[in-house]
Amino acid sequence: MSLGQSSSDSSSGSSFGSSFVGNGPSVKKLLEMVKGSRIHQSLIFSGPEGVGKKKLALLWIQALLCEADKKSEVLSSCGQCGSCLRLLKGQHESLFVVEPSGLSIKVDQAKECIQFLGLRSLSKKRFILINEAQKLNVQASNALLKIVEEPPADSYFIFITSSLEAIVQTLRSRSQVISFGPLKPSELKQVQPDAEEWQILASMGSLAKLSDLESEDEQTLRKDSHRFLYTLLRGAFVDATDLSKPLIESSPKALKAISYICNAIVATLKNQKGLVPIELESLLVSQSPHILSEMLNSLLLLEKNILSNADKKIAFDHWVYQWNDQLFSGQ
Ligand SMILES: [Zn+2]
């Protein structure tokens with residue numbers, strides 16, 4: 001569950017959201033709901049992946065269930081009481097978490113939610129957290145619809161999704177949507193102080209993506225992509241076709257490699273220094289902006305070919321030959 005967001009908020013006592021980075025307005029909205037005792041019984045946390053939606057939902061549930069004596073009005077969790085400890089261990093009797101089983105959330109899982117809400121032995125408040133709610137299939141959505149419309153007292157649904165449109169309209173219209181956005185570069189830096197500039201830019205505001213980018217495989221792929229482009233720009237096209245081999249081991253890898261190459265070109269066009277190795281940077285700078293834009297267009301085409309399952313080796317080689325011709329045929 002750790003997406004790099006600090007967990008000190010949950011394991012030791014603190015006010016809700018105080019150590020959650022990013023999406024301040026969403027945190028505020030949740031706090032206002034509690035303050036005004038107007039907690040909507042069906043919430044949808046909607047926004048890009050890897051920004052901490054599930055994390056914040058769990059922090060919120062923890063704070064609402066915390067059993068410690070609260071001196072102030074501020075919503076907080078102690079991190080020490082039985083309730084907090086059970087929640088942190090993922091064993092809280094008042095929380096039912098649903099994750100997709102395979103590609104979808106099925107009707108049996110929806111029925112389990114309804115059963116859970118019917119249990120009498122439970123303490124007052126109970127929560128159902130449905131992760132990746134865009135994967136609810138039609139039958140599951142329909143099964144939940146009635147209970148979401150008329151939920152039992154003190155029962156709360158939180159649907160978490162990266163694709164609001166994929167949730168059936170009838171469920172959406174009965175819920176309050178809390179929107180999340182990507183994290184700002186400064187917020188990403190706050191969570192991952194060691195992240196490099198290029199990683200911050202390439203992560204597009206997602207902490208999950210930022211963690212991915214810090215992996216060794218990812219660093220190697222990026223280096224290989226740069227070496228490939230550098231070799232092509234130097235006119236060593238046979239070497240370039242050779243260097244494409246590690247980039248095309250799989251389609252996802254090939255697509256990432258293309259995006260690293262695109263990012264290098266975009267950085268040059270935008271005059272952003274220091275994002276690619278200096279030797280590559282100077283070769284890119286020596287090309288005209290027109291050529292660089294053309295190159296970007298041809299990379300988008302290459303990406304399209306990979307997405308439509310073209311032979312990766314042929315597609316990359318074709319791209320190399322095309323650019324070798326374009327850059328060096330007059331020499
Ligand atoms: Zn507590």
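The legends below describe several views of a predicted model of one protein chain.

**Figure 1. The whole chain, with its two assigned domains.**
The predicted protein chain contains 16 helices and 7 strands. Its domain assignment gives domain 1, covering residues 8-181, and domain 2, covering residues 215-328. Taken over C-alpha atoms, the centres of domain 1 and domain 2 are separated by 43 Å. Along the principal axes, the C-alpha atoms fill a box of roughly 80 × 45 × 30 Å. Of the 331 residues in the chain, 35% are buried. Contacts between residues at least 6 apart in sequence were also sorted by separation: 70% of them join residues at least 24 apart.

**Figure 2. Ser-37 in the loop between α2 and β2.**
The loop shown here follows helix α2 (24-35) and leads to strand β2 (42-46), and Ser-37 lies in it. The phi angle of Ser-37 is positive, about 50°, although the residue is not a glycine. Is Ser-37 buried or exposed? Ser-37 counts as exposed because it has 6 C-beta neighbours inside 10 Å, and the cut-off for an exposed residue is 12 or fewer.

**Figure 3. Asp-154 in the loop between α6 and β6.**
Asp-154 is placed between helix α6 (138-149) and strand β6 (155-161), in the loop that joins them. Asp-154 is a residue other than glycine, and its phi is positive, near 60°. Asp-154 has 15 C-beta neighbours inside 10 Å, so it counts as partly exposed.

**Figure 4. Val-191 of helix α8 and Val-21.**
Val-191 belongs to helix α8, which spans residues 185-191. In sequence, Val-191 and Val-21 are 170 residues apart. In space, their C-alpha atoms are 7.3 Å apart. Val-191 counts as partly exposed because 19 C-beta neighbours lie inside 10 Å; a buried residue needs 20 or more.

**Figure 5. Helix α11 crossing helix α13.**
Helix α11 (residues 216-233) and helix α13 (residues 251-269) have axes that come within 9 Å and cross at roughly 60°. At this angle α11 is therefore oblique to α13. The crossing of the two helices is right-handed. From α11, the contact uses Leu-221, Arg-222, Ser-225, His-226 and Leu-229. From α13, it uses Lys-253, Lys-256, Ala-257, Tyr-260, Ile-261 and Ala-264. By class, the residues of this contact are 6 nonpolar, 2 polar and 3 charged.

**Figure 6. Helix α11 packed with helix α14.**
How far apart are the axes of α11 and α14? The axes of α11 and helix α14 (residues 278-285) are 10 Å apart, and the helices pack at an angle of about 45°. The pair is therefore oblique. The crossing of α11 and α14 is left-handed. On the α11 side, His-226, Leu-229, Tyr-230 and Leu-233 make the contact. On the α14 side, the residues are Glu-279, Leu-280 and Leu-283. The contact of α11 with α14 has 5 nonpolar residues, 1 polar and 1 charged. His-226 and Leu-229 of α11 take part here and also in the contact with α13.

**Figure 7. Helix α13 packed with helix α14.**
With axes 10 Å apart, α13 and α14 pack at an angle of about 60°. The two helices are therefore oblique to each other. Their crossing is right-handed. In this contact, Ala-264, Ile-265 and Thr-268 of α13 meet Leu-280, Glu-281, Leu-284 and Val-285 of α14. The contact residues divide into 5 nonpolar, 1 polar and 1 charged. Ala-264 of α13 appears in this contact and in the contact of α13 with α11. Leu-280 of α14 meets α13 here and is also part of the contact with α11.

**Figure 8. Ala-267 in helix α13 and its surroundings.**
This view stays with helix α13, where Ala-267 is placed. Which residues does Ala-267 contact, leaving aside its neighbours within four places in sequence? They are Gln-272, Leu-275 and Val-276. From C-alpha to C-alpha, Ala-267 and Trp-198 are 9.7 Å apart in space, while 69 residues separate them in sequence. Ala-267 counts as partly exposed because it has 19 C-beta neighbours inside 10 Å.

Technical notes:
Residues numbered from 1 in each chain as written. Predicted model: local features only at pLDDT ≥ 70, side-chain atom pairs only at ≥ 80, totals over all residues. Helix = DSSP H or I, 4+ residues; strand = E, 2+ residues; numbered from the N terminus. Domains from an automatic or database assignment. Contact = placed C-beta atoms within 7 Å. Axes fitted to C-alpha atoms, helices over the stretch in contact; angles between N-to-C directions. Parallel < 35°, antiparallel > 145°, perpendicular 65-115°, else oblique. Left-handed = near helix turned anticlockwise from the far one by under 90°. Nonpolar A, V, L, I, M, F, W, Y, C, P; charged D, E, K, R; others polar.
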